[in-house]
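Ready for some practice in reading a protein model? Work through the exercises below, trying each task before you look at its solution.

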Amino acid sequence: MEKNIPYKIYLSEEEMPKYWYNVKAHMKSKHAPFINPATQKPCSKDDLKSVFCDECVEQELNDTDELIEIPQGIRDFYKMFRPSPLVRAYFLEKLLDTPARIYYKFEGNNTSGSHKLNSAAAQAYYAKKQGLKSITTETGAGQWGTALAMAAAFYGLNLDVYMVKVSAMQKPHRREVIRTYGANVITSPSETTNAGRKILAEFPETGGSLGCAISEAVEKASVTPSCRYVLGSVLDHVLLHQTVIGQECKTAMDKYGITPDVIIGCCGGGSNFGGLIAPFMGERLEGKNSVEFVGVEPASCPSLTRGKFAYDFCDAAKTTPLAKMYTLGCGFMPSPNHAGGLRYHGMSPIVSQLFHDGCIKAVAVEQKSVFEAAVMFAKCEGILPAPESSHAIRAAVDEALKCRETGEKKTILFGLTGTGYFDMSAYQKYNDGVMGDNIPSEADLQKGFETIPKCKVNGSEI
C-alpha cells in the first residue's frame, strides 16, 4: 500500500455535506422543461405539485442555486449511515497488475444495501413536513423500495410499493424486508390499477418494467387522499439528493491530494451516476478540471448508447409529464435481466443533456461480462456487489486493463452503489453457466421508438 493513503478513507460526522450540490447551476445549456401532455405546454409548479411533494418540485425547478441546504431533520437521519467510506482497491489493482489507482465509493453499508436511502430519507421527510399521510412508489431491483420503506417507517408514513414482477420473483426476500418495515408490496403489473390491467391485457406474459410500475404508483397516488408519488431516480431532485455521494468523494480525495482522471458509474435512471459526478462535473464545466465521466448501462436496455434524444413519457401508461431525455420509448419492454435497477427505458434529463453536449461518455456492457467482473471483485475486495453496481466495476476493470497496456497511471473512481446479497438467483445462474445475454435487435428497438409521442409546443414539433 502507498504511504499515507489508507485502504479506507473515512470522513468525520462534521465533514458530512450540509448542502446538496445543484449541478444545473453550472450547466450552460439547461435541459428542456417538462411538458404537460394534456396542454402541450411546459409544466407549471401546480402541475407537478399534484404528483410530487411541494418541496421536491421547488428543487426540481431550481436551475440557479449551486447549493441547497439539507434540513437538519434529514442530516440527523443521514448520520445513521453516512458518511460512507472511499476505498482504495489495492487488491483489485494487484490482481489486474495495473499501474492505475482504483478507488470506489461504497454506498452499501445500510439495511437497504444501496445509495437509495439518500433520496428516500429526503422525500419522506418532505412528505411528512407537508402533512401527507401516505406515499406511493415503484421499485425495480428492490433497493429503492427497501430504502423508502425504511424512511417511511422512520417518519411515520404509509407506503405502497409497486415492485416489478420479475424482480419480485427473483428476490422474494427483498420483498419481505420491505414488508418488515411496514410497507405494502404489490407485484407490477397488477390488477389493482387501470394502468396495470391495461398493460396485462396487452402483454399478459410480461415480467413488468419500471415504466409499468411507475404508472401504477402514480395512479394510486392520484386517487388516494393526502398522498403523493415518490420516485427513486431520473428526476432532478432525486439526482440532487444523491450528490452527497460525490461531495463526500471530493472531500475525501482533496484531503489526500487525490485527483481522479476517470469517474465511472452505472446508469439506469441516472440519479446515482449524476450524484457521483456532480461536484466534479460542476468544476469541469467551469474549466477547472479535465475529468472523464463514463456512464455504464446494460446492453439489454441501452438508452444512452442506442436510444433517441426526444420528449417521452416517464411511464408505460403515458400518464406522467413528458421529459426530454435519451429514451428507448415508453413502450419498450426490457428483457428480464438481473440488473433490475437499470431496466428503465429513459435517462435522467440532466444526464441526457450532459451526454448530448459531449460532457459524458457512455458504454453498454453485457450481463455475463458484468458478473465476471463482479465475482472477480468479490474475491479480491471482499464485497459481493449488486448487479447494477457491477456494471461500473466492469468498466473500471476495462479501464485499468487499458492502463496496463499503455503504462498510464490513471486514477479511476467508480461508484459501488450497493450489495448483492439479495441477488443470489442471479449469481446462481452465472455460477451454473446458464446466464444469457439478451440484446435487443434493431427491430426490437424500433417497436419502442414507435411509442415515443409526437410533441408540439406552440404549434411546432419538438
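Helices and strands are DSSP runs, with at least four residues for a helix and at least two for a strand, and they are numbered from the N terminus. Keep in mind that this is a predicted model.

**Exercise 1. Explore the largest cavity.**
Find out which helices and strands help to line the largest cavity, and describe the lining by class.

*Solution.*
Step 1: Start with the search of the whole structure, which turns up six cavities of 30 Å³ or more. The largest cavity holds about 370 Å³ of space.
Step 2: Look for the residues around that space. There are 29 lining residues, and Lys116, Gly232, Ser233, Gly269 and Gly341 are the closest to the centre of the largest cavity.
Step 3: Match the lining to elements. At least two residues each come from strand S8 (134–139), helix H6 (143–155), helix H10 (210–222) and helix H13 (271–285). The most come from H13, which gives three residues.
Step 4: Sort the lining by class. You should get 11 nonpolar, 15 polar and three charged residues.

**Exercise 2. Move on to the second largest cavity.**
Work out which residues are closest to its centre and which classes make up its lining.

*Solution.*
Step 1: The second largest cavity contains about 130 Å³ of space.
Step 2: Its lining has 13 residues, with Phe52, Leu231, Leu235, Cys314 and Pro321 closest to the centre.
Step 3: By class, the lining of the second largest cavity has 11 nonpolar residues, one polar and one charged.

**Exercise 3. Describe the largest pocket.**
Identify the residues nearest the centre of the largest pocket and the element that gives the most to its lining.

*Solution.*
Step 1: The volume of the largest pocket is about 490 Å³.
Step 2: Among its 22 lining residues, Phe203, Gly331, Phe332, Met333 and Thr451 lie nearest the centre.
Step 3: Two or more lining residues come from each of helix H9 (194–202) and helix H19 (442–449). H9 gives the most, with four residues.
Step 4: The classes in the pocket lining are 11 nonpolar, six polar and five charged residues.

**Exercise 4. Lay out a sheet.**
Write down the strand order of the open sheet of seven strands, and explain why one side of S1 and of S16 has no neighbour in the sheet.

*Solution.*
Step 1: The order is S1-S6-S7-S17-S12-S13-S16, and the pairing is mixed.
Step 2: Strand S1 (8–9) and strand S16 (361–365) are at the edges and have a single partner strand each, so one side of each lacks a neighbour in the sheet.
Step 3: Add a helix to your sketch. Helix H16 (residues 367–381) lies across strand S6 (86–88), S7, S16 and S17, and runs at about 95° to S16.

**Exercise 5. Zoom in on strand S17.**
Are the residues of S17 buried or exposed, and which strands are joined to S17 by bridges?

*Solution.*
Step 1: Buried means under 20% relative accessible area. In S17 (residues 411–416), six of six residues are buried.
Step 2: Check the directions. Thr411, Leu413 and Gly415 point one way, while Ile412, Phe414 and Leu416 point the other way.
Step 3: Take the S7 partner. Strand S7 (residues 101–106) runs parallel to S17, and six bridges join the two. Here Ile102 stands opposite Ile412, and Tyr103 stands opposite Leu413.
Step 4: Take the S12 partner. Strand S12 (residues 262–266) is also parallel to S17, joined by three bridges, and Ile264 stands opposite Phe414.

Terms used
Residues are numbered from 1 along each chain as its sequence is written. This is a predicted model: local features need pLDDT of at least 70, side-chain atom pairs count only at pLDDT 80 or more; totals for chains, interfaces and linings use all residues. Side-chain values use heavy atoms; hydrogens and water are left out. On a 1 Å grid over the protein atoms alone, a cavity is a set of points where a 1.4 Å probe fits but cannot get out, and a pocket is an open set with protein on both sides within 12 Å along at least five of seven lines; lining residues have an atom within 4 Å of a point. Grid points are joined across faces, edges and corners, and a volume is the space filled by probe spheres set on the points. Ala, Val, Leu, Ile, Met, Phe, Trp, Tyr, Cys and Pro count as nonpolar, Asp, Glu, Lys and Arg as charged, and the others, Gly among them, as polar. Buried means under 20% relative accessible area, exposed over 50%, partly exposed in between (1.4 Å probe, protein chains only). Two strands pair if DSSP finds at least two bridges between them. Contact means heavy atoms within 4.5 Å. Axes are lines fitted to C-alpha atoms, for helices over the stretch in contact, and angles run from 0 to 180 degrees between N-to-C directions.
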